[in-house]
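Student: Before I rely on the labels attached to this structure, I would like to go through the reasoning behind some of them. Could we set each value against its definition?

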Amino acid sequence: MNPFTFYNPTKILFGKGKISGLGCEIRPYGKKVLLVYGGGSVKRSGLYDQVMEQLNSMEAQVIELPGIEPNPRISSVREGVRLCREHGIEFILAVGGGSVVDASKGIAAGARYEGDPWDFYSNQTPIHSALPLGAVLTLAATGTEMNGNSVVSNWEEKLKLSFGSIHVYPRFSVLDPTYTFSVPRDQTVNGIVDMMAHVFEQYFSLTADTPLQERLCESILQTVVETGEGALADPQDYNARANLMWCGTMALNGGLISVGMANDWASHGIEHEVSAIYDIPHGAGLAILFPNWMKYVYDARPDRFAQFATRVWGIPADGKTAEELALAGIEATRAYFNRIGAPSTLGHYGIGGENLERMAELAVRYGPIGSFKPLHKEDVLEILKLSL
């Protein structure tokens, strides 16, 4: 195990009705609030009214920024920064899924920065401070409600980039599983894949002697598999939704499950290039790419993939070689994705070979990606071809 420092300052209010504490959580930061949300579902579900009731109870001055995109745009972040400066915003409240929270993090940092917030993503300009923010989560997927990561797209430049900073961890996040009851099936599926992919990126590691971290990863994966299908079968199953929501948070909780381990993140890097051009759902892109990444890299450490097969998918060893188990585990992963209705090829979205070279080149523009098996342009290109 490698040395590590772990710190996570986010307070979680988990469970039905926890929105009742929203006003008390915001009040210490000020009354000028930027309310950030996505489409009409927040209003149709009644959540908007609940949030406004809490904000009105503390006599907040609310400025709204609706319409955050599923792959949030830097243009929306820039507009949020403008509103913060114009109205002297003191606190940002994100109400929605990962895209809304990610955009809010960019706004929070940009409001304390004199330059363009795209600098944080494109140039990795350090973030030294940010406006405080909180979240009311409506989709179990990204874990952004309890970490410092943000991913946004620059549609004009066809780029999708990220940053990470301790300064944009939400001060609190409200996680009420009932808010996910009305999430459409395809979004629930994409969320399931996304949280599993987050665990994969940390679990498939070359770091030795990390038994606790490995079992943490495996337990999350097992729980997602079990409760994910329950949530899809009955979208209003509170216990299934609650466990799935907590899995999403734990899967990318500031690195909790993989402290002391080298992470990979190559598949996310490849998917970002695909969705930067084609604007496909992030989880769907990961469902297409990840099993093909697995097939391409498993030989770097077949024993880890064999362990994955036996512990997560319950595949009996029965005298199988590590390679045979590894391949069986990869096939079980693809079979599960297929079973819940995730796409398996880029062709599902009408994507052909016309931009493969560009995507492969951009994925490695700063050098090889991934640590489990470092990938160069030709490797990324092969994974993309396997995904057509």
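Tutor: Let us start with a cut-off: a residue is called buried under 20% relative accessible area, exposed over 50%, and partly exposed in between. Please keep in mind that this is a predicted model.

Student: Why is R82 called partly exposed?

Tutor: The relative accessibility of R82 is 40%, and partly exposed covers the range between under 20% and over 50%, so R82 counts as partly exposed.

Student: What makes the contact between E86 and R82 a salt bridge?

Tutor: The rule asks for a side-chain nitrogen of Lys or Arg within 4 Å of a carboxyl oxygen of Asp or Glu, and the side chains of E86 and R82 meet at 2.5 Å, N to O, so the pair satisfies the rule. Both residues lie in helix α4 (residues 74-87), four residues apart, about one turn of the helix, and E79, R82 and E86 are linked in a network of salt bridges.

Student: How many salt bridges does this rule give?

Tutor: The count comes to 16 salt bridges. One of them joins R339 and E229 at 3.1 Å, N to O; because R339 lies in helix α13 (residues 322-340) and E229 in helix α8 (residues 211-233), this pair ties together parts that are 110 residues apart in sequence.

Student: What makes D299 and K373 a salt bridge, and are they buried or partly exposed?

Tutor: The closest N and O atoms of D299 and K373 are 3.1 Å apart, and the limit is 4 Å, so the pair qualifies. D299 lies in the loop between α11 (282-297) and α12 (302-311) and K373 in the loop between α14 and α15, so the pair ties together parts that are 74 residues apart in sequence. At 47% relative accessibility D299 counts as partly exposed, and K373, at 25%, also counts as partly exposed.

Student: How do you know that the span of helix α7 agrees with its number of residues?

Tutor: Helix α7 (residues 185-203) has 19 residues, which at 1.5 Å a residue should span 27 Å, and its end C-alpha atoms are 27 Å apart, so the values agree. The helix is mostly covered, with 16 of its 19 residues buried.

Student: Which residues have the most contacts inside the largest nonpolar core?

Tutor: They are M196, W293, F305 and L384, in a core of 69 residues. The largest share of this core, nine residues, comes from α7.

Conventions
Residues numbered from 1 in each chain as written. Predicted model: local features only at pLDDT ≥ 70, side-chain atom pairs only at ≥ 80, totals over all residues. Heavy atoms only, no water. Helix = DSSP H or I, 4+ residues; strand = E, 2+ residues; numbered from the N terminus. Expected span 1.5 Å × (residues − 1). Buried < 20%, exposed > 50% of the residue type's maximum accessible area, 1.4 Å probe, protein only. Core = buried A, V, L, I, M, F, W, Y, C linked by side-chain atoms within 4.5 Å.
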